Structures are given as structure tokens and as C-alpha cells.
Amino acid sequence: MASLERLQRGLESAGQPHVLQFWPELSEEQRDAFLQELAQLDLQGLREHCEAAAKAAASPPACLDQHMEPLPPDSIGSVRKSDTKSLSRWEQEGLLQISESRVGVLLLAGGQGTRLGVQYPKGMYNVGLPSGKTLYQIQAERIHKIQEIADSKHGSKCTVPWYIMTSEFTLAPTEKFFEENNYFGLQPSNIIMFEQRMIPAVTFDGKVILQGKGKIAMAPDGNGGLYQALVDNEVLQDMKKRGVEYLHVYCVDNILVKMADPMFIGFCVSKGADCGAKVVEKAYPAEPVGVVCRVRGVSQVVEYSEIKPETTELRGPGDEFVYSAGNICNHFFTRTFLQDVTEKFKGQLKQHVAIKKVPFVDTCGNQVKPTKPNGIKMEKFVFDVFPFSRNFVVFEVVREDEFSPLKNADGAAKDSPTTARNSLLAQHCRWATSAGGTLQDEHDNTFLPSASISAEDSTPAQFEISPLIVTGGRDMFPSLLLETTCFLYYCWTTIAQCDFVLCHV
């Protein structure tokens with residue numbers, strides 16, 4: 001009873017006494033569960049959290065145009081623009097670091113597939129490839145392959161540990177999925193799953209939202225919750241114990257992600273960087289992606305909502321967009337830098353507002369599913385640590401080769417299962433033709449793979465290459481398509497379309 005009274009006083013002090021308004025209606029079991037949930041709340045910081053959320057939601061985003069400047073050229077590498085010798089040198093440096101087990105990958109997998117129309121973690125999603133592989137399986141097999149390539153190159157027996165940050169919603173199903181699939185052939189001890197914190201959703205007038213009579217509406221604290229989660233789960237200590245010095249961080253929904261990309265790793269290491277970001281050239285000026293640039297001389301990501309349209313249209317002497325470095329949530333960090341962030345800068349991370357439809361119970365205890373946004377979820381972003389870097393670099397890659405996110409259900413114009421699937425299949429067709437292969441229909445008509453993919457595009461040839469065979473990096477694709485290491489299975493379908501699956505033997 002004393003603990004309940006302390007909670008009541010704490011909630012009243014935070015301006016949230018309504019949280020316990022249905023307490024008399026709860027069963028003993030419900031009360032125990034609710035008390036456990038409330039005990040995890042930071043009651044001292046709750047008032048500040050709620051007031052800050054309401055204030056941020058009411059404030060228009062700041063316009064940063066007058067303070068922006070492009071990144072300095074000496075901090076930028078590019079698959080398209082850097083010379084071949086440099087690209088090869090960076091790739092070899094990356095493979096060396098991987099061979100010495102100094103590289104890990106960290107997956108940001110806290111979100112559910114709600115926008116996809118499913119209630120399970122995105123990584124378990126099958127976009128409809130001929131193989132039926134999920135995102136998790138594709139990524140696991142890419143880890144297999146990069147370890148194999150590094151070992152072959154340097155005569156080593158390396159490990160690329162896979163750190164997976166989940167949320168309260170995704171941890172249990174992710175653990176079960178990996179167990180049921182025998183960890184996709186990886187060693188379970190080298191897959192480290194951990195959970196990020198949850199924070200309350202808030203109304204526009206700064207009140208905690210009750211999801212049920214005895215449950216607060218909680219949400220993950222954004223992918224920037226990584227830094228607190230590293231502390232909570234002693235992840236950096238695990239990295240140190242394993243000898244991991246460099247970390248490749250990425251989002252689960254990018255079907256084209258290169259796991260522990262040696263060229264990106266090697267570029268960052270060669271530059272002595274403590275923090276780096278992969279970017280793609282913006283597809284068009286108003287594309288709704290964040291831009292990596294400098295603000296008041298400090299590297300950071302500026303959201304598209306913080307830039308005036310006329311600034312997005314600015315062009316340089318070569319007619320290229322001045323602010324074209326689109327952020328794709330694909331980053332490099334040294335372990336030392338992450339240690340500094342967790343010890344010195346974690347509390348300085350910016351809070352971002354996400355306006356959402358949050359189911360709730362009204363004052364009469366009725367369950368309500370809102371038809372329009374009614375709540376605020378505060379998030380931190382993983383890239384908000386860029387300003388704390390002592391040596392920040394950017395590596396530009398080709399969108400068609402490395403970025404095709406899965407965010408929306410089919411029927412959407414972009415970022416859907418169809419566009420993700422077609423992006424991967426089109427990429428594999430390009431690999432085949434670049435290796436000397438020819439794609440033909442049943443009438444022997446040759447057709448070329450597409451470079452750009454949209455939901456309206458015709459389906460590319462159903463030609464899928466297992467990640468266990470090839471990664472698609474420089475010098476990592478077989479010089480001849482039909483080597484003794486694989487069989488090619490044909491299944492002819494309609495005119496101008498063929499089905500292939502390249503399988504490991």
C-alpha cells in the first residue's frame with residue numbers, strides 16, 4: 001500500500017494523477033502488472049518529458065537553410081567518383097579488419113511491421129522472392145559470405161558478431177524466429193539480441209495516454225535509443241571482450257544492405273574516422289529524406305522539413321545538387337566513439353516529434369481507436385550523434401545497388417514489398433549480365449535488366465542469386481556466371497520474363 005501511495009504522490013507531482021483513475025476497477029492480477037509497469041517509469045523526469053513533448057509538437061520545425069553548408073570534399077568518398085585504386089585499397093583494408101574479427105554489425109530492429117499490415121517484426125517479412133527468404137535470412141547469409149571471403153583472402157577464421165536491437169514488441173518473436181530457423185547457420189553465441197527502452201505516448205496537452213485501464217501507451221524511444229540500450233545491456237563491454245573495434249549499424253528494412261561492407265569499413269578506417277555515414281544521391285530536390293551536411297560548421301543530418309524548397313533546388317558548378325547527400329541510416333562507428341557517446345553525450349541527444357494515432361481508453365473507460373492523430377511519440381535518432389564526432393566522413397553509394405527500404409504495404413507508390421523484391425531481382429539480373437550472362441525469354445529474345453524500380457514497373461526476370469554464393473561487391477562476383485560452384489535452374493514463364501534461382505551446391 002505504501003508503494004501505491006508513493007506512486008500516487010509521484011504521479012501527482014508529475015501532473016499525471018489520471019494514470020490511476022481506473023485503479024478501483026482493476027483485479028489484483030491487473031494491479032500487480034500495472035504496478036510493475038509503473039515502477040519502471042522515471043517519475044522524476046515524467047513531467048519534463050510530457051511538457052517537452054507537448055511544446056515540441058506545437059512548435060513548427062526550425063528552418064536551418066541560412067546555417068547550412070555542404071560537407072568538405074576531403075571527407076567524402078564515392079563508389080561513383082573515387083578512383084579505382086582508392087576503392088580497391090579501401091576494400092582490402094576492410095577485409096583485413098574483418099579477417100581479424102575487429103568488425104561487428106548492429107541491426108536496428110525495434111519496429112513492428114504495422115505499416116506493412118503485419119503485427120510481427122519486419123525482419124521476419126517475406127517480400128515474395130523465388131526463394132521465399134525473409135529479410136533476416138538474407139542478412140544472415142550475407143554475414144556468412146563476408147566471413148568466408150575475408151577468411152579466404154587472409155587465411156583466417158574470423159567472426160562478425162551480429163548485434164540486434166529489438167523493442168519490447170519484437171524481442172520475443174525475434175528470438176523465437178531465430179531459434180526455429182537454427183539461427184540461419186550462424187553460431188547462436190555470435191548473435192546478441194538486446195532490448196531498447198520504452199517511453200510513454202503523450203496527448204497534445206501533455207498527458208500520458210492510457211492504452212487500457214491498467215496500461216500506459218508505450219512506444220520505443222526511436223533508433224537513437226541505441227545509446228541508452230548499449231549501456232543498459234552492456235553491449236560495449238561485450239564488443240571489447242570480443243575485440244570488436246568497428247561497428248556497422250543499419251536498419252532492418254533495407255533489402256539491399258551490404259553487411260559489414262568492407263569498402264565502407266575500409267574507407268572509414270583509412271580516413272581515421274570515428275563516425276561515418278553512407279549516403280545516396282537524392283532522386284529529386286524535394287525527396288523526403290534527411291540531408292547530411294554541416295550546420296554552423298558541425299556535421300549533422302537536416303530533415304527535409306527543415307529546408308526551404310529553394311534551398312533543395314540549389315545546384316553547384318557541375319549542375320549537381322548542392323545538398324544531395326541523402327541519409328539512408330547506414331553508419332560506421334568506432335567502439336571508442338560509442339563509449340564517449342554513452343558516457344558524455346547521451347543526455348544531449350535531440351528529441352524528435354512523431355504524431356501518431358494511439359489507441360486509448362476515454363474517461364468513461366471505453367476503448368477508442370482514433371481515426372486521426374491524437375498522440376505524440378518522442379523519438380531519438382541514431383544519426384543525432386554526428387555532431388559529437390571528431391572526424392566525420394561520408395561515403396556515397398549507388399541507390400540501385402544499396403538502398404531499397406521496405407516501409408509500406410503493397411499498393412503504395414514506393415518502399416513496398418513489390419519495389420523491394422523488384423530491386424533485389426533487378427540487381428541480380430545486372431550482376432548476371434555484367435558477368436557475361438544473357439537473359440532471354442522462351443523465344444530467345446534478349447532483354448536487359450532495369451536500373452530503376454517503382455511499383456508500376458514491369459516485374460524483372462525472376463533471377464535470384466543466393467547471398468551464400470556472392471555479395472556483389474567489387475571483385476567479389478564470379479568472373480563467369482556458370483562456374484562449377486553452382487547450378488542454374490530454369491523455369492520459363494511468360495514472354496519477356498524468365499524465372500531463375502542460382503543455388504549453392
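Glu37 lies in helix 2. Helices here are DSSP runs of H or I with at least four residues, strands are E runs of at least two, and both are numbered from the N terminus. The model is predicted: local features need pLDDT of at least 70, side-chain atom pairs count only at pLDDT 80 or more, and totals for chains, interfaces and linings use all residues. Residues are numbered from 1 along each chain as its sequence is written, and side-chain values use heavy atoms, with hydrogens and water left out.

**Helix 2**

Glu37 is buried, at a relative accessible area of 17%. Buried means under 20% relative accessible area, exposed over 50%, and partly exposed in between, with a 1.4 Å probe and protein chains only. Contact means heavy atoms within 4.5 Å. With neighbours within four places in sequence left aside, Glu37 is in contact with Gly214, Lys215, Ile216 and Met218.

Helix 2 spans residues 28-39, twelve in number. From first C-alpha to last it reaches 16 Å, close to the 16 Å expected at 1.5 Å a residue. That expected span is 1.5 Å times one less than the number of residues. Arg31, Phe34, Glu37 and Leu38 are buried in helix 2. They cover an arc of only 125° around the axis, so they sit on the same side of helix 2. The arc is taken from the directions between the helix axis and the C-beta atoms. Glu28, Glu29, Gln36 and Ala39 are exposed, on the face turned away from the buried side.

**Helix 6**

Helix 6 covers residues 171-180, and its buried residues are Leu171, Thr174, Phe177 and Phe178. Seen down the axis, these fall within an arc of 135°, so they line one face of helix 6. Ala172, Lys176, Glu179 and Glu180 are exposed on the other side. The cover over the buried residues includes helix 5 (135-154), strand 4 (162-166) and strand 5 (191-195).

**Positive phi**

Most residues other than glycine have a negative phi. The residues below have a positive one.

| Residue | Phi | Place |
|---|---|---|
| Asn182 | near 50° | follows helix 6 |
| Glu234 | about 55° | loop between helix 7 and helix 8 (235-242) |
| Asp415 | about 55° | loop between helix 12 (399-402) and helix 13 (417-434) |

Asp415 counts as buried, at 17% relative accessibility.

**The second largest pocket**

A pocket is found on a 1 Å grid over the protein atoms alone: an open set of points where a 1.4 Å probe fits, with protein on both sides within 12 Å along at least five of seven lines, and lining residues have an atom within 4 Å of a point. The second largest pocket holds about 1100 Å³ of space. It is lined by 31 residues, and Asp42, Arg197, Met198, Ile199 and Pro200 lie nearest its centre. Helix 3 (43-58), strand 6 (198-200), helix 7 (226-232) and strand 18 (375-379) each supply at least two lining residues. Helix 3 gives the most, with six. By class, the lining has eleven nonpolar, nine polar and eleven charged residues.

**Phe204**

Phe204 lies in the loop between strand 6 and strand 7 (210-212). It is partly exposed, at a relative accessible area of 43%. Beyond neighbours within four places in sequence, Phe204 is in contact with Ala54, Ile355, Pro373, Asn374, Gly375 and Ile376. Phe204 and Pro417 are 213 residues apart in sequence and 34 Å apart in space, C-alpha to C-alpha.

How values were computed
Points joined across faces, edges and corners; volume = space filled by probe spheres on them. Nonpolar A, V, L, I, M, F, W, Y, C, P; charged D, E, K, R; others polar.
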